[in-house]
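Please find below a colleague's note, set out as numbered points. It is meant to be read with the sequence and the coordinates open.

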Amino acid sequence: MASEIPHSFVKRSSHKKRIEALAVNLFRQMTYLVILAAAYIFVDITINGSKAVFQSTAPYVNVQFLTDKPQTLHVFEPRETYETMQQVRSQILVLETKNRGLGESDPELSNSYAQQIKALDAQYESLDAQRKETRLKYSDREYRALEVSPDLSNYKHDTYAYSGGGIGPAIIGTCLLVLGSIAIALVLGLLCAVYLSEYSRPGKILQAVRLSILNLSGVPSIVFGLFGFGMFVLFFGWGVSLIAGWFTLAIMALPVIITASEESMRAIPRGFREGALALGATKWTSVRTNVLPYALPGILTSSIMGIARVAGETAPIMFTAAYALRDQLPWEGLEHPSDFLFQGVMALPYHIYVVSSKIPQNEYTRDMQYGTAFVFLLIVGFFALTSILLRIRVRSKYKW
Amino acid sequence: MNPKNTPLPSNPTNPIIEVRDFNFMYGSAQALYDISLDIGEKEVTALIGPSGCGKSTFLRCFNRMNDLIDNTRIPGGTIKISDVDIYHKDIDVIELRKHVGMVFQKSNPFPKSIYENIAYGLRIQGIKRKNEIDQVVEECLRGAALWDEVKDRLSDSALGMSGGQQQRLCIARALAVKPKIILMDEPCSALDPVATAKVEELIHVLKENYTIVIVTHNMQQAARLSDRTAFFYLGKLIEYGPNEQVFMNPENPKTEAYVSGRFG
Ligand SMILES: Nc1ncnc2c1ncn2[C@@H]1O[C@H](COP(=O)(O)OP(=O)(O)OP(=O)(O)O)[C@@H](O)[C@H]1O
Ligand SMILES: [Mg+2]
């Protein structure tokens, strides 16, 4: 051997190692990219959303936004400021056009234009800040309650649909939808999973059943929406209602729940079952006492996560449960208690959709959109957190 | 059936289990061929034989654990326990399993407290009275020679016990439903020699009150523990008799080869 290689394990660079290093780098960068994208989404929604949800004065939370019904927003802009702003803007436009016409011919003049534009821009900004401070905003209810409406010679009156009030009914509607569909999906899913994992005989039919359940989770949500509409709303005659939404969402979440529950139950050692059966337990007893409790943590986590995902879908509730606007809260104006189930509700995802695509956009709808999205994120996060806490609790109770 | 396949067992005089020309199939694969033997009451009977010869299958026929496996069949033969054909269609498997307890190769305590493990057999029968359960728990733990070791930590998880203690807990758990017969499938195969000795000691004591059928790979253990030994080979019963016969003076050359360690 050559003398510059002191031993056989000395580091040598090779083609393979370079590729390896390259690949690792690629994986790392892609991971960072994904994390960055996710972080951007969260930070953006949080920052913009907090503007609607939090405030700088006393309760620090914008209670009106969280509890009120969506309303038309009435804005009174201070007329004087507003008009000055318009003038400044048109001056800026004029200067910009001139500047552009100048081209490269006179750099000195162009420079002075640019400075004037800068000064005007600063003036515009300060006027805008002043406008924001002095303008008056009223939700529709507040506006009607006013004894004297602002003097229209001093103020310019504008109205913006859906931009005032709050999202109280949508928060309540979404919570109701999620809770109800969790209950239905868990019951149905558990029954199916117990049958599939404990009672059914393995074979071609079982495989086909399992495969079709799995495939169900790939069906687009709009198809579930149409199915729910055809089945529950029209065929069962429930109308656009809470209960139709529950069942549509539950059925949509079922594949995930069944698959996850089955997996969790399969992971329970055979010894638990055999031990119970050998003591004279019936099959159901052994499943109930020695399989389900230990499978529960896994079942709960994956199920609630599955539901939280489904609850964010707009398409399945669009035709089955959601109203764009409803003036009453779900418990208001019921004739029979059963009417509770057969009423449409507002829901956060649908509200986001309506506010972002059904009405003209302006600076006031933005707050509403971001605020709604932020609250929605918080609620979904809350359900996820609950499922994790529940899992930890159940898990520490049934350790194995 | 071909009676030549089954050597005439030197049967005990007071049989509690009587097996006649018993066959067993997993789907299309036959696992047991024409087994006939009697198992004596309050005796320890050992089943030995090379791996895959059908010992576990045979053992699991006594409490019908094989019912849980799909596509199993019994093309012929009977098993009678206390003169009752246990494969008759009127048999309640639940009652049978209370009568015939089982201890598994891999100890399988439930992930509950020690107390709840023993109480399980009673609770599933709907017994709720605390003092009755307390009494049975103590009785069974004493019966399994475990009481002194665990009496101060009955509410601790059974999974915190040593492997040998876990296996004895499983025996105690089986005692709680008051069986007459206890089946043990290689109960010591995962235990160290000290723990094995304790379980063997326990089996020796239990013999006073229970009929025990034990599968083992350990020839010395079979010789030490049992009154009778059955040697299986490829699903057939090759030789069955008192220990002195099977281990010292086997009639069949295959038995002799196996017990002397020349194959298996
Ligand atoms: N669930 C099953 N399905 C199909 N065949 C099986 C099943 N269990 C066992 N067998 C087959 O039956 C035969 C006997 O198996 P068994 O488990 O009774 O042997 P064993 O004597 O207990 O072996 P070991 O000493 O390794 O435990 C083997 O050939 C085995 O492949
Ligand atoms: Mg075996």
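The points below take up a ligand site first and a helix pair second.

1. As a caution for what follows, this is a predicted model, and the distances, angles and areas quoted here should be read as computed from it.

2. The shell around ligand 1 is made up of Tyr26(B), Ala31(B), Ser51(B), Gly52(B), Cys53(B), Gly54(B), Lys55(B), Ser56(B), Thr57(B), Ile69(B), Glu186(B) and His217(B). Sorted by class, these residues comprise four nonpolar, six polar and two charged, and helix H1 (residues 55-62) of chain B supplies the largest share of the shell, three residues.

3. Oxygen atoms of ligand 1 have polar partners in both backbone and side chains: a backbone N or O atom of Gly54(B) lies 3.0 Å from one such oxygen, a polar side-chain atom of Ser56(B) is placed 2.6 Å from an oxygen of the ligand, and for an N or O atom in the side chain of Thr57(B) the corresponding distance is 2.4 Å. Of the 630 Å² of accessible area that ligand 1 has on its own, 59% is covered by the protein.

4. In chain A, the axes of helix H6 (residues 168-199) and helix H14 (residues 348-357) come within 8 Å of each other and cross at roughly 140°. Because angles over 145 degrees would count as roughly antiparallel, this crossing makes H6(A) oblique to H14(A).

5. Which residues meet in the contact between H6(A) and H14(A)? On the H6(A) side they are Ala170(A), Ile171(A) and Thr174(A), while H14(A) contributes Leu348(A), Pro349(A) and His351(A). The residues of this contact divide into four nonpolar and two polar, with no charged residue among them.

Notes:
Residues numbered from 1 in each chain as written. Chains lettered and ligands numbered in written order. Predicted model: local features only at pLDDT ≥ 70, side-chain atom pairs only at ≥ 80, totals over all residues. Heavy atoms only, no water. Axes fitted to C-alpha atoms, helices over the stretch in contact; angles between N-to-C directions. Helix = DSSP H or I, 4+ residues; strand = E, 2+ residues; numbered from the N terminus. Parallel < 35°, antiparallel > 145°, perpendicular 65-115°, else oblique. Contact = heavy atoms within 4.5 Å. Nonpolar A, V, L, I, M, F, W, Y, C, P; charged D, E, K, R; others polar. Near = heavy atom within 4 Å. Polar contact = N/O pair within 3.5 Å; in protein donor to acceptor, adjacent residues only side chain to side chain. Areas by Shrake-Rupley, 256 points an atom, 1.4 Å probe, with all protein chains shown as cover.
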